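Colleague: I'd like to go through the charged pairs in this one. Can you put it up?

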Amino acid sequence: SSDEEELGISTPTSAAGTSTRTPDAGVPKPDHSGHERRDAAKRPGSQSPSRQDAKKQGPPGVCQQLSASGETYLTLKQADLELMVQINYMIEVGFVMSKVHTAIRDSLRTIVYHGLRLTADQVQRMEASTRAQYPNITLHHVPVPGIGKDPYGTMQFVLHTANMIERDWRNKTQAVFRTGRLLKKTSPSGLATCAFERDLTEYLQAYHNHPVLTSRISQYDFTDIRGVLIGSIPGKFSGPDKNKWGHMRLRTILRQQVEISKELLPDSRVICQISSVGSLGKDSQDWLRGEFEVSLNAYRGSNYMASIKADLCVVYPTAENTFTRVTSKPEGNYLSWILLTSANLSKPAWGEMKKGIFSVQSYELGVLLFPSLFEDLDEAGQNLHVYMMNATLDDPYPEPRSARPDENVSMSGTKDSEVNDDDNHDDDVQGGIGVVPIRLPYDLPLKKYDLSQDQVWLTDRLFPGVDDFGNTREK
């Protein structure tokens with residue numbers, strides 16, 4: 001339709017998943033089937049690496065793309081967990097508990113916040129059934145994706161794009177941001193010691209019975225995490241508070257902290273990779289190409305009247321993408337930032353400004369990553385210049401082809417002159433240059449929808465034929 005053409009909607013050639021902004025960059029947010037999962041943002045990132053481990057393992061809080069082995073990743077092998085907190089829109093309690101170590105499965109204290117659309121009677125039956133099987137589980141009805149796990153002495157924070165249901169982990173492409181094991185503070189004061197802890201605590205305070213969570217969080221040290229939380233909570237906000245949530249929060253952080261070279265702006269793209277589109281209003285272009293696009297185009301030094309805007313590209317699966325396995329691989333590109341988030345593409349999730357009042361209807365949470373979060377002194381005491389680049393199975397630790405991506409580097413991330421093959425590039429961090437590898441769930445360059453033959457994937461539409469697994473598409 002005209003909306004699709006104006007937006008530059010593209011078909012994912014490998015998977016579905018997130019949004020990003022970069023000079024020819026993308027953001028990972030996954031779901032190959034086009035159901036229930038969402039994402040929208042601009043640049044890829046992760047958490048703070050211990051300098052040596054980062055070379056081969058990536059940073060402790062890292063964005064990862066899950067394959068069909070997602071269920072293996074989900075399994076909790078520790079038998080000493082004291083508390084597990086699950087916060088998600090959809091959840092299958094039996095499936096989640098089946099991944100807990102058998103030695104503690106029946107005794108593990110578990111708190112579940114969910115957003116299942118159930119009647120009061122259905123909620124009562126679910127709670128009774130859960131208590132009968134797992135007496136140490138407490139259920140609360142509040143939707144938003146995310147996970148917290150708390151073993152004795154340490155805590156781990158995990159944010160992912162999957163619902164806590166079997167088919168999301170078994171059949172779909174997903175992405176994960178996870179911290180390393182967070183140690184307890186040496187001298188707890190009850191006050192937040194870094195912005196990440198402060199923002200997480202403020203977000204969780206919107207939940208019922210939040211002291212159970214926030215009191216725990218205040219005991220742990222979050223200072224090594226490299227990432228900025230971008231959350232949404234229902235409400236109407238004015239004054240400084242309107243910049244705390246939704247796309248206004250994203251806009252504020254990008255304008256304060258994210259640098260983009262002016263030389264790269266004319267050819268850069270904002271890529272929103274999603275598999276769920278919600279309410280965009282009567283005229284979708286007003287909000288999408290208005291306030292939302294302004295936020296996605298923000299960077300340090302930008303303003304509302306910026307003459308140069310990045311192309312806004314929306315990656316959304318076609319019916320063929322959904323039914324066909326794809327084996328192509330994306331190649332390295334420089335990413336200015338990435339946001340891994342639970343938010344779909346909608347006003348309720350991101351918020352809308354009306355007459356100075358910013359209104360949000362959903363609970364959402366995401367982590368924003370950008371290169372300067374990782375820039376620090378290296379082990380030799382030199383300033384470390386960091387790139388974020390999309391990684392592949394064949395090249396999990398890509399290397400920059402130039403000392404500066406804005407000098408003699410094409411949008412495909414290649415340099416005019418070839419790199420000397422004799423150079424030793426075994427490490428991610430070398431000679432004052434570091435790389436944060438990001439797995440993208442789609443290929444670059446993007447492939448635009450061919451409206452003469454491509455069909456948008458819709459869950460309630462029947463498609464003829466048989467998929468790669470021999471299943472009829474009508475099912």
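Modeller: Here it is; bear in mind that this is a predicted model.

Colleague: How much confidence does the chain get on average?

Modeller: The average pLDDT is 74, and 70% of the residues score at least 70.

Colleague: Where does the pLDDT stay under 50?

Modeller: One such stretch is residues 1-8, where the model has 19 contacts beyond four places in sequence. Residues 407-431 also have a pLDDT below 50. That second stretch makes 40 contacts in the model beyond near neighbours in sequence.

Colleague: OK, on to charges. How many salt bridges are there in the whole structure?

Modeller: A search of the whole structure gives 11 salt bridges.

Colleague: Take Arg170. Which residue does Arg170 form a salt bridge with?

Modeller: Glu166, with 2.9 Å between the closest N and O atoms.

Colleague: Where do those two sit relative to each other in helix 6?

Modeller: Helix 6 covers residues 166-171. Arg170 and Glu166 are 4 residues apart in that helix, so about one helical turn separates them.

Colleague: And are they buried or exposed?

Modeller: In between. Arg170 has a relative accessible area of 43%, which makes it partly exposed. Glu166 is partly exposed as well, at 30%.

Colleague: What about Asp199, which partner does its side chain meet?

Modeller: Arg198, in a salt bridge of 3.1 Å from N to O.

Colleague: Is Asp199 buried or exposed?

Modeller: Asp199 counts as buried, because its relative accessibility is 12% and the cut-off for buried is under 20%. Arg198 is partly exposed at 45%.

Colleague: Next, Arg300. What does its side chain pair with?

Modeller: Glu259, in a salt bridge with an N to O distance of 2.8 Å. This pair links distant parts of the chain, as the two residues are 41 residues apart.

Colleague: Which loops are they in?

Modeller: Arg300 is in the loop between helix 10 (284-296) and strand 14 (311-315). Glu259 is in the loop between helix 9 (246-257) and strand 13 (269-273).

Colleague: Buried or exposed, those two?

Modeller: Arg300 is partly exposed, with a relative accessible area of 38%. Glu259 counts as exposed because its relative accessibility is 52%, and exposed means over 50%.

Colleague: Last one. Which residues are joined into one network by salt bridges that share partners?

Modeller: Arg198, Asp199 and Arg249. The Asp199 and Arg198 pair we went through belongs to that network.

Note on methods: Residues are numbered from 1 along each chain as its sequence is written. This is a predicted model: local features need pLDDT of at least 70, side-chain atom pairs count only at pLDDT 80 or more; totals for chains, interfaces and linings use all residues. Side-chain values use heavy atoms; hydrogens and water are left out. A salt bridge is a side-chain nitrogen of Lys or Arg within 4 Å of a carboxyl oxygen of Asp or Glu. Buried means under 20% relative accessible area, exposed over 50%, partly exposed in between (1.4 Å probe, protein chains only). pLDDT is the predictor's confidence in each residue, from 0 to 100. Contact means heavy atoms within 4.5 Å.
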